[in-house]
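Here is a friendly briefing to keep beside your viewer. Please open the model and follow along topic by topic.

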Amino acid sequence: MKYFQKVCFSSIFCLQTASALAGDSLLNTPSLSSIDNFRDVAGTSTAYATSNGGTLRGGVFYRSNALTPAGTDLAVLNALNISNVFDLRTPGEIADTPDTLPAGSLYTHINILGTANSEGFMPTSAAGAVSLMQDMNRSFVTDNGVRSSFGQLFRELAGSGDAALFHCTAGKDRTGWTAAVLQTLAGVDPATVMSDYLATNIYTAERVAATLAQLNHVSPELAAIYEPLLGVDASYLQAGLDQVAASYGTMDNYLKEGLGLDQATIYVLRGKLVRYALLPDEQFLRGNAAAGAGLLNALQDTALSGRYTAYNYYLQSAIDAGTLGGVETQVGGQVHADAASYLLRQPAMIDDAIRSYSVGNSLRAGQSTMWMSALAGYLGTEGSNHAASSGEHSVGTLVGGVHRFDAQTSAHGEFGYNNGSISSAGGTVKTDSTFVNIGGRHGFVDLEFGPYVAIQASAGYVDYDSKRDLGGNLGSAKGDTQGMVYSAKTSLGYLAIKGPMRIEPEIGVRVTHLKLDGFQEKGSELALEVDSSSQTLTRLVTDLNVTFESQPLGAWSLTPALNVGYERALNEPGVTSKGSIYGVGIEQSSAFESRNIYKAGLNLTATLGTVSLGADLKVLGGGDSRGVGGNLTASIAF
């Protein structure tokens with residue numbers, strides 16, 4: 001008695017034949033001799049290109065015929081890290097040929113056809129067979145039950161952890177439609193999608209030839225009728241695609257209205273499938289924006305991509321919109337660099353605030369005086385060094401004292417609190433600084449005229465809080481840390497009295513060191529792990545202060561003054577912040593960043609007894625950075 005087995009030569013029909021011979025696969029990804037239509041959805045020999053400069057990712061989705069690994073094929077499957085297997089067959093097909101699963105994979109049965117078995121109307125002619133296959137592809141679009149099953153499949157694929165494999169019996173019809181929809185969703189061009197669909201004829205050529213030979217042996221007429229069912233034809237897939245256009249207008253509408261997929265699921269599938277070489281306008285960006293776009297680009301290779309994350313939704317919508325929407329300027333933490341720059345310049349602000357109180361040349365030998373001053377200031381920079389503009393607000397209180405030892409020497413000390421608010425690139429940093437400052441001056445002839453030497457040192461503790469609004473529905477990132485600021489300055493100067501003017505040129509060196517602890521931001525998927533900051537800035541400092549004779553104004557006296565200055569960094573002047581997300585690092589530069597700084601200011605002080613009110617306006621420039629700022633002070637002497 002001759003032995004017969006059931007051989008399924010299409011995904012919906014089976015025929016009693018003698019045997020089926022499996023052929024070698026031409027796929028460049030693992031070739032499985034016992035599963036001839038196993039291949040990567042990403043392509044055959046190379047990964048397919050997509051719209052917007054993308055490329056399909058290999059090793060994400062695999063397609064195949066029934067999983068019947070023989071020999072070493074199971075070991076090959078086991079090495080592919082396949083977490084999910086989706087079986088699209090009917091219960092009857094599964095009973096005839098059960099799957100052998102890769103190690104560790106989760107099996108899910110989704111009966112696309114919704115019937116108990118795959119047998120159906122048997123064609124009586126080759127033309128009838130072609131028509132049958134075309135109608136089946138149309139049913140993928142028109143049949144409510146089939147659409148519901150496909151909707152479930154795509155949602156399951158979106159939620160799969162590692163690589164996923166989907167298959168039917170022959171891996172060409174239900175599987176072929178699934179692969180074509182995924183590739184279209186990803187932005188693969190229609191010609192490539194069709195070519196990949198037709199590749200089934202290449203992969204299964206030996207098996208189909210063997211089956212046809214057996215059919216020809218039984219009946220050449222039967223072989224001619226069933227030959228269209230053994231492979232695929234462009235008209236099969238095209239019938240389904242044309243039905244999508246007729247019923248829904250676009251593939252996107254088919255996915256949403258026909259299969260019930262939401263935008264997030266479509267974006268997750270595309271994030272899994274596609275890696276974009278460049279994001280919108282990335283090649284045209286510079287500075288911090290370029291670094292931010294580079295970070296957004298690199299995050300495509302992390303766990304944030306191809307999953308239901310705010311980042312993935314933002315990125316995919318940005319691809320569709322053709323713009324990053326400004327997030328590229330906000331994602332990298334420029335405000336941390338601006339805050340560091342501000343803190344490194346804080347000792348200079350202290351120096352300016354105490355200038356008129358710290359000399360003691362109006363005192364007699366052995367005398368001391370105490371004073372208290374409240375101050376407020378602002379500095380805004382235009383961010384011309386390829387960084388977002390920034391603004392700095394300062395509010396503080398100083399309590400100080402000065403003692404004149406003799407005609408030539410005085411010493412001073414201050415204790416103060418300063419609240420800084422630094423804003424840039426969607427972020428704000430609050431710095432609460434408590435500091436002490438000491439110094440002294442020695443006149444080579446007298447404190448009231450002639451050459452002198454001055455020294456000054458300060459140390460401050462910084463409490464640091466930040467919040468960054470990232471845009472793109474990515475939320476806000478918050479963080480806090482602590483740090484210290486140390487500074488020392490040595491200078492030589494000359495005090496001259498020329499008629500109604502007090503002229504005081506000075507040159508010196510200021511060294512400032514900032515140490516901020518690292519911290520982890522919270523509140524957003526793109527919250528940065530901010531590195532600790534240890535930066536030292538050494539500047540040559542020159543100033544020319546000209547104070548004019550006081551003029552009476554009622555009970556008050558007004559004292560105008562001019563200040564011009566020049567500073568040059570003696571080491572690298574750049575202030576940067578460093579952070580990372582999922583191991584992807586980013587550096588950002590501060591908005592104010594110049595080796596050479598030119599300063600010009602106008603000050604006006606109003607005095608009534610022991611009370612003084614002051615205001616000054618400053619313009620800073622140099623290199624690629626410029627700023628405009630001002631200060632207000634209110635002081636009382638004891």
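The notes below go through sheets, covering helices, hairpins, nonpolar cores, a helix pair and one loop residue. Please keep in mind that this is a predicted model. Two open sheets come up: one has four strands with antiparallel pairing, and the other has five strands with mixed pairing.

**The four-stranded sheet and its helices**

- The strand order in this open sheet is β17-β18-β22-β23, and the pairing is antiparallel.
- β17 (519–520) and β23 (584–589) are the edge strands; each has a single partner strand, so one side of each has no neighbour in the sheet.
- Six bridges link β22 (residues 576–581) to β23 in the antiparallel sense, and Ser577 has Gln588 of β23 as its bridge partner.
- Helix α13 (residues 287–298) lies across β22 and β23, and its direction makes an angle of about 170° with β23.
- Helix α16 (residues 334–354) lies across β17, β18 (529–530), β22 and β23, at about 45° to β23.

**The five-stranded sheet**

- Here the strands follow the order β3-β5-β8-β6-β7 in an open sheet with mixed pairing.
- Its edges are formed by β3 (39–40) and β7 (106–109), each of which pairs on one side only.
- β6 (residues 82–87) runs parallel to its partner β7, with four bridges between them.
- One residue pair to display is Phe86 with its bridge partner Thr108 in β7.

**Two hairpins in a row**

- Strand β11 (residues 390–404) pairs with β12 (residues 409–424) in the antiparallel sense over 15 bridges, and a hairpin of four residues joins β11 to β12.
- Leu398 finds its bridge partner, Gly416, in β12.
- β12 also pairs with β13 (residues 427–443), again antiparallel, through 16 bridges.
- Ser424 is bridged to Gly427 of β13.
- The hairpin of β12 and β13 has two residues between the strands, and Ala425 in this hairpin takes a positive phi near 50°.

**Nonpolar cores**

- The largest nonpolar core has 100 residues, and Phe61, Phe150, Leu157, Tyr254 and Leu526 have the most contacts inside it.
- Helix α5 (residues 174–186) gives the largest share of this core, with seven residues.
- Another core, of 11 residues, lies apart from it and includes Leu32, Phe38, Ile82 and Ala163.
- What does Leu157 touch, leaving aside residues up to four places away in sequence? Its contacts are Phe61, Phe86, Ala164, Phe166, Thr178, Leu182, Leu269 and Lys272.

**Where α5 meets α12**

- Helices α5 and α12 (residues 263–273) pack at an angle of about 90°, and their axes are 9 Å apart.
- Angles of 65 to 115 degrees count as roughly perpendicular, so α5 is roughly perpendicular to α12.
- On the α5 side the contact is made by Leu182, Leu185 and Ala186, while α12 brings Ile266, Leu269, Arg270 and Leu273.
- By residue type, this contact of α5 with α12 has six nonpolar residues, no polar ones and one charged.

**A loop residue to look at**

- Gly554 sits in the loop between β20 (551–553) and β21 (556–569).
- Is Gly554 buried or exposed? Its relative accessibility is 75%, and because exposed means over 50%, Gly554 counts as exposed.
- Gly554 and Leu608 are 54 residues apart along the chain, and their C-alpha atoms are separated by 9.8 Å.

Terms used:
Residues numbered from 1 in each chain as written. Predicted model: local features only at pLDDT ≥ 70, side-chain atom pairs only at ≥ 80, totals over all residues. Heavy atoms only, no water. Pairing = 2+ DSSP bridges. Contact = heavy atoms within 4.5 Å. Axes fitted to C-alpha atoms, helices over the stretch in contact; angles between N-to-C directions. Core = buried A, V, L, I, M, F, W, Y, C linked by side-chain atoms within 4.5 Å. Buried < 20%, exposed > 50% of the residue type's maximum accessible area, 1.4 Å probe, protein only. Parallel < 35°, antiparallel > 145°, perpendicular 65-115°, else oblique. Nonpolar A, V, L, I, M, F, W, Y, C, P; charged D, E, K, R; others polar.
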